[in-house]
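Visitor: Could you take me through a single strand of this one, up close? I'd like to know what pairs with what.

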Amino acid sequence: MLKPWVATTKKVVAHDKRSNTDYEFESRFPDGIDGTPFSAAEMNKIIDAINILPNNNLLLDSHFRLWDEGTSFSGAYTSGGYTATLWWVKNLSGGNITVSQATGGGMKIQGTGTVRVSQPIEDAQLLNGKTVTLSWSVNGVEHAKTYVFSASATNAATVELTGGGTINWVKLELGESATPCVPRPLTQEKQLSLRYFWQTFDGALPSGLGGKMSCTFMADANGVADALFCTPVPMYRTPTARHYTEATGEANQVSVYTRETGHYATSPIISPFANNCVLGLRLTGCTPNTVGFISWFGRYDARMEVT
């Protein structure tokens, strides 16, 4: 953090919070391009511009804009669970809570006790021992704390809220100062989230109005057929997969079409991921030596649990 320009010495002061020490740096560019000396006011404009530059946010979806599985959740949540796509919520008190997407953005929490909101960090070990600053806004009021990150104690950035309210945003950054929290473009946030959670449809449940996957197959002599498809990006781990047919609520099934049998629904055997990127669906009980195709809606969850 740079302090205002000292006009009489043409020096600028930087303050180290950890050692509580000021360091002076003499300017190497004290004059304008035409040789006119910079005034203190002009130099302070440059310093002010530097001080408000935002550091990179180490968290994803800082403003709680991704709600792939629904926009409102109610329950005890004493063991924790995901609500907003990338945010883990745990109720530290008794009773039920409601977590929902706030009007105008953010996460709204209704409840009388204390609720912990966390985002696990995939590369937490890279932050181990480093000084970080966590900042967040609740009901428009900003808060911040600086600490040394310990990957052995936690793999997440965590905010606690007592008595309900709306968390507007959360930011974790390297260094000892909180800088402005600027959201990434929504398209970029969505792309980054696909490493941890991906579904082929919009909304909490498939509607049959797009997002359907399909693949042709050739059943072998034993009536077994395999279909392969790729996820948009390599996922963090082998995901938990769940499939749906066009009929909402018909869970963990795919639709199969063949000339011999027409249409039927079945639960496929899900083979392991190859490099967490290619998924195989194996169908059994097909008519031997027949050609057909399968279609489905899918949800693939590779999110981390909070320790």
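Guide: Quick ground rule before we zoom in: two strands count as paired if DSSP finds at least two bridges between them. Keep in mind, too, that this is a predicted model.

Let's settle on strand E21, residues 291-301. Strand E21 is mostly covered, with 9 of its 11 residues buried. As for its partners, let's start with strand E14 (residues 213-218), which runs antiparallel to E21 and is joined to it by 6 bridges. Within that pairing, methionine 218 has valine 291 of E21 as its bridge partner. Cysteine 215 falls in the residue range of E14, and at 19% relative accessibility it counts as buried because the cut-off is under 20%.

Next up is strand E16, residues 240-244, antiparallel to E21 over 5 bridges. Here arginine 242 bridges to arginine 299 of E21, so to speak an arginine facing an arginine across the pairing.

Strand E17 (residues 254-258) also pairs with E21 in the antiparallel sense, this time over 4 bridges. Look for serine 255, whose bridge partner in E21 is serine 295.

Then there's strand E13, residues 197-199, which makes 3 bridges to E21, again antiparallel. Tryptophan 198 is the residue to click on there, with tyrosine 300 as its bridge partner in E21.

While you're rotating the view, one general thing helps: in a regular strand, side chains alternate between the two faces of the sheet.

Definitions and conventions:
Residues are numbered from 1 along each chain as its sequence is written. This is a predicted model: local features need pLDDT of at least 70, side-chain atom pairs count only at pLDDT 80 or more; totals for chains, interfaces and linings use all residues. Side-chain values use heavy atoms; hydrogens and water are left out. Buried means under 20% relative accessible area, exposed over 50%, partly exposed in between (1.4 Å probe, protein chains only). Helices (H or I, at least four residues) and strands (E, at least two) are DSSP runs, numbered from the N terminus.
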